[in-house]
Amino acid sequence: MSDTTIRLEVFRYRPDNGGPSFQSYDVPYHDDWVVLDALNYVKNYIDGSLSFRWSCRMGVCGSCGMQVNGEPSLTCAAFLRDHMPGPVRVEPLTNFPVERDLVVDMNGFMEKLDHVKPYLVREDEADDLSAEYLQTPVQLDRYKQFSMCINCMLCYAACPVIGRVDDFIGPAALALAQRYNLDSRDQGKQMRQDVIFQNEGIWECTFVGECSEVCPKHVDPAGAIQQAKLEGAVDYYKRLLMPWARRS
Amino acid sequence: MHRRTSNEPGATGGFTHATGQSRDRRAVRLQRPPGVPKITFVNQTRHDVLIIGAGGAGLRAAMAVVEANPELSIGLVSKVYPMRSHTVSAEGGMAAVIKSNDAREHHIYDTISGSDWLADQDAVEMFVDEAPRELIQLEHWGCPWSREDSGHVAVRPFGGMQIERTWYAADKTGFHVLHALFQTSLQFSQITRYDEYFATSLLTADGRCQGCVALELRTGELHVLRANAVIICTGGFGRIFPFTTNGSIKTGDGLALAYRAGVALKDMEFVQYHPTGLPGTGILITEASRGEGGILLNSEGRRYLQDYDLGEPLDVHDPRHPQNRTMELGPRDRLSQAFMHEQAAGRTFDGDYGDYVQLDVRHLGEDRIDTRIPFVRELASNYAGIDPVVEPIPVRPVVHYTMGGIDTDVHGATTLPGLYAAGECACVSINGANRLGSNSLTELVVFGARAGRHAAAAVVGQQLSDGPEIDRQVAAENDRLSELRGRPAGGERVAVIRDGLTTAMEAGAGIFRDEASLSACCATLRELEERVARISLDDSSPVYNTELISALEIDGMVDISQALAHAALDRTESRGSHQRTDYATRDDANYLKHSMAYRTDGDPRIEYKDVVITRWPPAERVYGSSGDKDGKSAT
């Protein structure tokens, strides 16, 4: 423990009380503190009116994504020591409407998630619960990476397309669509493809890969999008050239 | 699934923030003029079944209602978006008998002996019988269970088990289970979600629970949500302690709702300390690390558990290691207590965040660590700066799970008609005095589904009562919140009260307790209750006022903590996780009973209810290889 402090420059906004501004707070510096610890220090002992989301503080609930010195970050995994001597600028995730202070509006994402039908689709008449569907470790590995998304929204904040095309389904939701498309137990791929390729944004994604770079769980949404685009293009030409052919 | 959103002008964010430094999008676009309504009630909304809490239990309950009766309308209220619920943090796995070397009798016996015979055996039998089907259901809903080469689900050993029976999705089981449940639930139009709504009180009329009042975070509006059945699935309350694996949302809100509605809180004195948390943060290092063969070492490099009646250690390279129900695979309460004895004897390491021992998984090798417990490696390296492949992990006991909760029967029904509870907030009880590892996730789905089914049947033909009884409660709730928000500045700070609470609980009702420590704790809690009434807020905004939510949470936490401390004070025996240094042995003659705490104007009133024994009469809990054989279940 030391007497060192570090300055936070925190984005403040109250919709009922004027425009946005930045507020500075000096908080104790600890080598093993993350930005979230510093924000909680502010909330608890300096200014209880600062609003932000957090819960698990172990990088799995996905609540605490913010811009830390301009980079989309999970604040529970962003160490102050990496930003010494400061200041540390903390802002809400970009590309989202702001509800209040560091809290962004998630509703758009929740709707996009819903659109891609992120669940197993089966043609079975009835669900027979006497046994599990078999799936080998190799089959599991095909989609496992895309199932690791914690919906933290960092990829939306990093995405250059979202900034221009508001209704772009976006990296995380597309990765989840691909997660189910690749699951050997699923039979709903066609349904999902129809949704995905009606969406303009996917063709604008230029594989810059900023989404995959910021992903704290190494989900690689950019890879998922490119896979989906390739399949979509193949599908398009198949339908164009061989309208009688069934999808593989 | 529908998402309920507010259309109030000015109620939502007024602009999109865009300051990406690498891109030229710094403009802040103001879209709506400011102007937010004060606390107001919006019209009543009616559903058939209302579920408060959208983690594993709440989501399973919602889908069980749909399965039971697709005509019913369900309101799903949660103070966080469903995928943020704390189910997400569960790591190791989920128990159910599915392999041919296992049998229901084994799972039942492990659960009952793990509970130190305080579990209700009829409930345990139902739980064990319904567990496999529920886990297969999760599989059919897309949960990416780890697999054998054959394609069947794989199982791993866990503490306190005779036979390995823990299904797992690497070491992010809870994360995968929660996301599978949530994503699956999106297809059901019968479910209307109220994301980021905080339930502040239950509504009762004609002797039945008929809904709740809930605060919408993004607008600050109060909503009256009516239903003929309410299922509370809000999780446990580990956050009343300072050092816990629990996320910040685990504040026991649902327990406070039920307690204030006159329902008993059962077995509150039983709090599980997980033996392996990271010092400082309290982040959990899963028991799966020991199930895979990890060992615990004291500062002398000794596998000290051999000194605590947990059997003899085998060499880590012996193919029989780790042995079920032995050494590192003993039950959590006994392992955490062993740490305390080692600490007292000076055989722990001294660290910045208190004493610790070492969890060593190095002998597993990098490949196995990365396949079976990758999250352990990620967490240890991110939060302790340790790579478990080359260094032992520092660990110490940490509050992990609360066995006690809202008193329910095997259908999740409480004594208040129309009110149900399921999951960690409930106490059926299958966990008794110490929960068996990997039973908690299973409990969410088995009893979430049970509560959902029962509620779905019970609401048919019921009519909501209209009239002054409900109106009075709604008005009183409005007054309570207005009074809190209107208090002049300069009162007590939420965080200071919270610090006082957690300090008092750790000091008075930690792993070891006695009459003096508990009496002092009760007295402190009484003072804190008075101080809670003097909390004032820095934050006057109606929009996303998290300080207001924290104030409401702490109010409930102090309430339910009193139930815990008084139940612990009155239970003059030691059983499972409740260890009284002044009453060191189990006393079946007087305390083979559930404690039942009722709220009064003064101290909680503690009553007792007999434990249900079916075929497993109380016996000694024996662990180690000898106990493995002796302890086999009655057949």
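This presentation describes a predicted model with two chains in contact, A and B, moving from each chain to the contact between them and then to some local backbone features.

Allow me to begin with conventions. Residues are numbered from 1 along each chain as its sequence is written, and chains are lettered from A and ligands numbered from 1 in the order in which they are written. Since the model is predicted, local features need pLDDT of at least 70 and side-chain atom pairs count only at pLDDT 80 or more, while totals for chains, interfaces and linings use all residues.

I turn to chain A. Its secondary structure consists of nine helices and seven strands; helices (H or I, at least four residues) and strands (E, at least two) are DSSP runs, numbered from the N terminus. The C-alpha trace of chain A spans about 70 × 40 × 30 Å along its principal axes. Of the 248 residues in chain A, 49% are buried. A residue is called buried if 20 or more other C-beta atoms lie within 10 Å of its own, exposed if 12 or fewer, and partly exposed in between, with C-beta atoms placed from the backbone. Of the contacts in chain A between residues at least 6 apart in sequence, 65% join residues at least 24 apart. Here two residues are in contact if their C-beta atoms, placed from the backbone, lie within 7 Å.

Chain A has a domain 1, covering 5-104, and a domain 2, covering 107-241; the bounds come from an automatic or database domain assignment. Their C-alpha centres lie 30 Å apart. Where these domains of chain A touch, domain 1 gives twelve residues and domain 2 gives 13 residues. On the domain 1 side, strand 3 (65-68) and strand 4 of chain A are the elements that give two or more residues. That side has six nonpolar, six polar and no charged residues. In this classification, Ala, Val, Leu, Ile, Met, Phe, Trp, Tyr, Cys and Pro count as nonpolar, Asp, Glu, Lys and Arg as charged, and the others, Gly among them, as polar.

Next, chain B. Its domain 1 is assembled from the segments 40-270 + 403-465 + 595-620, while domain 2 is 277-397 and domain 3 is 468-587. The C-alpha centres of domain 2 and domain 3 of chain B lie 33 Å apart. Each of these two domains of chain B gives five residues to their contact. On the domain 2 side, four residues come from helix 7 (residues 332-344) of chain B, which is the largest share.

Let us now consider the contact between the chains. It takes 60 residues from chain A and 66 residues from chain B. Among the elements of chain B that each supply at least two residues are strand 2 (15-17), helix 4 (173-185) and helix 14 (546-570). Which element of chain B gives the largest share of the side that touches chain A? That element is helix 3 of chain B, with five residues. By class, this side of chain B has 24 nonpolar, 29 polar and 13 charged residues.

Helix 3 of chain B also packs with helix 2 of chain B, at an angle of about 135° and with the axes 9 Å apart. Axes are lines fitted to C-alpha atoms, for helices over the stretch in contact, and angles run from 0 to 180 degrees between N-to-C directions. Helix 2 of chain B is therefore oblique to helix 3 of chain B; angles under 35 degrees count as roughly parallel, over 145 as roughly antiparallel, 65 to 115 as roughly perpendicular and the rest as oblique. The residues of helix 2 of chain B that meet helix 3 of chain B include Arg104(B) and Ile108(B), and those of helix 3 of chain B include Val124(B) and Glu125(B).

Finally, the backbone. Most residues other than glycine have a negative phi, and most peptide bonds are trans. Asp116(B), in the loop between helix 2 (104-114) and helix 3 of chain B, has a positive phi of about 55°. Is Asp116(B) buried or exposed? Asp116(B) counts as buried because it has 24 C-beta neighbours inside 10 Å. Tyr544(B), in the loop between helix 13 (515-532) and helix 14 of chain B, has a positive phi of about 45°, and with 26 C-beta neighbours inside 10 Å it also counts as buried.

A cis peptide bond, with omega about 0°, joins Met84(A) and Pro85(A); Pro85(A) is in the loop between strand 4 (71-74) and strand 5 (88-91) of chain A. In chain B, the peptide bond from Val428(B) to Ser429(B) is cis, with omega near 15°.
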